[in-house]
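Work through the two exercises below with the structure open beside you. Each begins with a task and goes on to a solution in steps.

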Amino acid sequence: MLRILKNISRKLLSTFFGRKEEIRIGFYGPPNAGKTSLANRICKDWTGAEIGQVSKVPHETRHVQFKEKVEIKHKGKTLTFKIVDTPGIATKIDYEDFLRFGVKRGAAKKRAKEATQGIIESIQWLEDMEAVVVVLDASENPYSQVNITIIGNLVARKIPLLLVANKIDLKKADIKKVQAAFPEYPVVGISAREGLHMEEFYEALFALAKKV
Amino acid sequence: MKKHSIKGLSLQVIPFSEIEHLSISERVKKLLALVVAQKIVIVQGRLRAEEEARLIEDTMAMVDHIKNFKGMELAVIEPDMRDKDFWTKMRYSIAKRLVGESGALTIIGPCSLVREIKRDPKKIELLLAN
């Protein structure tokens with residue numbers, strides 16, 4: 001109810017004052033799909049500063065982090081976003097998984113504890129999003145229940161979404177698998193790390209913003 | 001090498017009628033209680049998207065508070081309608097509207113147990129055969 005009222009007041013403001021406020025856009029997905037890498041790429045391109053740290057160890061992002069007033073220009077148009085980077089959503093957390101990456105036992109336990117809280121935080125922030133970019137690792141099997149649950153929740157809440165098949169620079173990457181798994185939604189293949197196909201991403205992002 | 005075994009594996013089948021009258025909280029609580037008790041739960045039908053999200057939230061809240069509980073594995077098996085003819089698809093669609101997603105099965109289990117089964121699927125085959 002509160003969300004509906006907020007949306008109405010925002011729309012009224014933009015109608016009266018002729019300006020579109022910033023669009024709250026969330027970056028969601030499983031751990032290590034490259035959500036922060038993509039958010040960093042965008043923030044670095046348009047504000048000069050990154051949003052957070054990235055790592056090969058899963059669950060590097062354990063708190064929701066955001067950057068406001070990110071002004072993006074594309075084909076003569078300008079839109080302002082609030083970029084919300086969220087911790088990866090998973091159904092299990094085992095600190096022993098972090099040991100394989102050389103993390104010390106104590107630090108791994110702490111990381112696991114923070115990661116569980118991060119997942120809860122991610123899900124709770126979903127309510128506040130106006131649009132969501134679901135970031136998937138194109139080299140992994142897209143048919144995971146977590147991916148289906150995230151997308152199902154966005155559809156249930158009527159939040160427009162864009163699917164990003166990240167890591168297309170990897171040999172194993174297969175964007176067609178992502179498209180086949182979720183044929184109802186637009187999919188853009190990129191490499192956030194290498195900056196590949198970012199123009200196509202911005203094109204899709206502006207199309208997504210239109211649905212808000 | 002450490003020898004792994006599945007001790008006291010039990011499957012619990014829950015008909016949809018048993019949980020359909022419950023609220024989201026009650027439904028999730030019931031399912032999680034079984035998972036924490038090291039049971040593999042097979043629910044007739046599928047949970048709504050928001051129930052799945054709530055299940056993940058509540059699971060995460062328990063990970064840190066219950067000894068040796070590290071989360072769950074969740075899978076939904078739905079009948080493959082891709083190669084079925086129009087009438088079969090329509091019958092399924094009508095049945096789905098009338099009685100919910102009864103054609104689907106939701107399987108939820110503690111991740112430690114599922115990991116054991118993945119390591120040696122023959123163990124579960126043996127258990128199911130007996």
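**Exercise 1.** In this predicted model, establish in what order the four strands of the open sheet in chain B lie, and which strands stand at its edges.

*Solution.* Begin with the order, which reads β1-β2-β4-β3 in chain B, with mixed pairing. Next, look at the ends of that order: β1 (10-14) and β3 (72-77) of chain B each have a single partner strand, so one side of each is left without a neighbour in the sheet. Neighbouring strands are turned against each other by 15° on average, if direction is ignored.

Then take the pairing of β3(B) with β4(B) (residues 105-110), where six bridges join two antiparallel strands, and where Ile77(B) stands opposite Leu105(B). Finally, add the helix α3(B) (residues 49-63), which lies across β3 and β4 of chain B and runs at about 165° to β3(B).

**Exercise 2.** Describe the interface of chain A with chain B, from its extent to its salt bridges.

*Solution.* Start with the extent: 20 residues of chain A are in contact with 21 residues of chain B, and the two chains bury about 1,800 Å² between them, 58% of it on carbon and sulfur atoms. On the side of chain A, the most area is lost by Thr91(A), Lys92(A) and Gln145(A), which together account for 32% of what that side buries.

Now turn to the charged pairs, for which the count between the chains is two salt bridges; in one of them, the side chain of Lys92(A) meets that of Glu73(B) at 3.0 Å, N to O. As a last step, sort the residues of chain A that touch chain B, which divide into eight nonpolar, seven polar and five charged.

Terms used. Residues numbered from 1 in each chain as written. Chains lettered and ligands numbered in written order. Predicted model: local features only at pLDDT ≥ 70, side-chain atom pairs only at ≥ 80, totals over all residues. Heavy atoms only, no water. Pairing = 2+ DSSP bridges. Axes fitted to C-alpha atoms, helices over the stretch in contact; angles between N-to-C directions. Contact = heavy atoms within 4.5 Å. Buried area = accessible area lost by both parts, 1.4 Å probe. Salt bridge = Lys/Arg side-chain N within 4 Å of Asp/Glu carboxyl O. Nonpolar A, V, L, I, M, F, W, Y, C, P; charged D, E, K, R; others polar.
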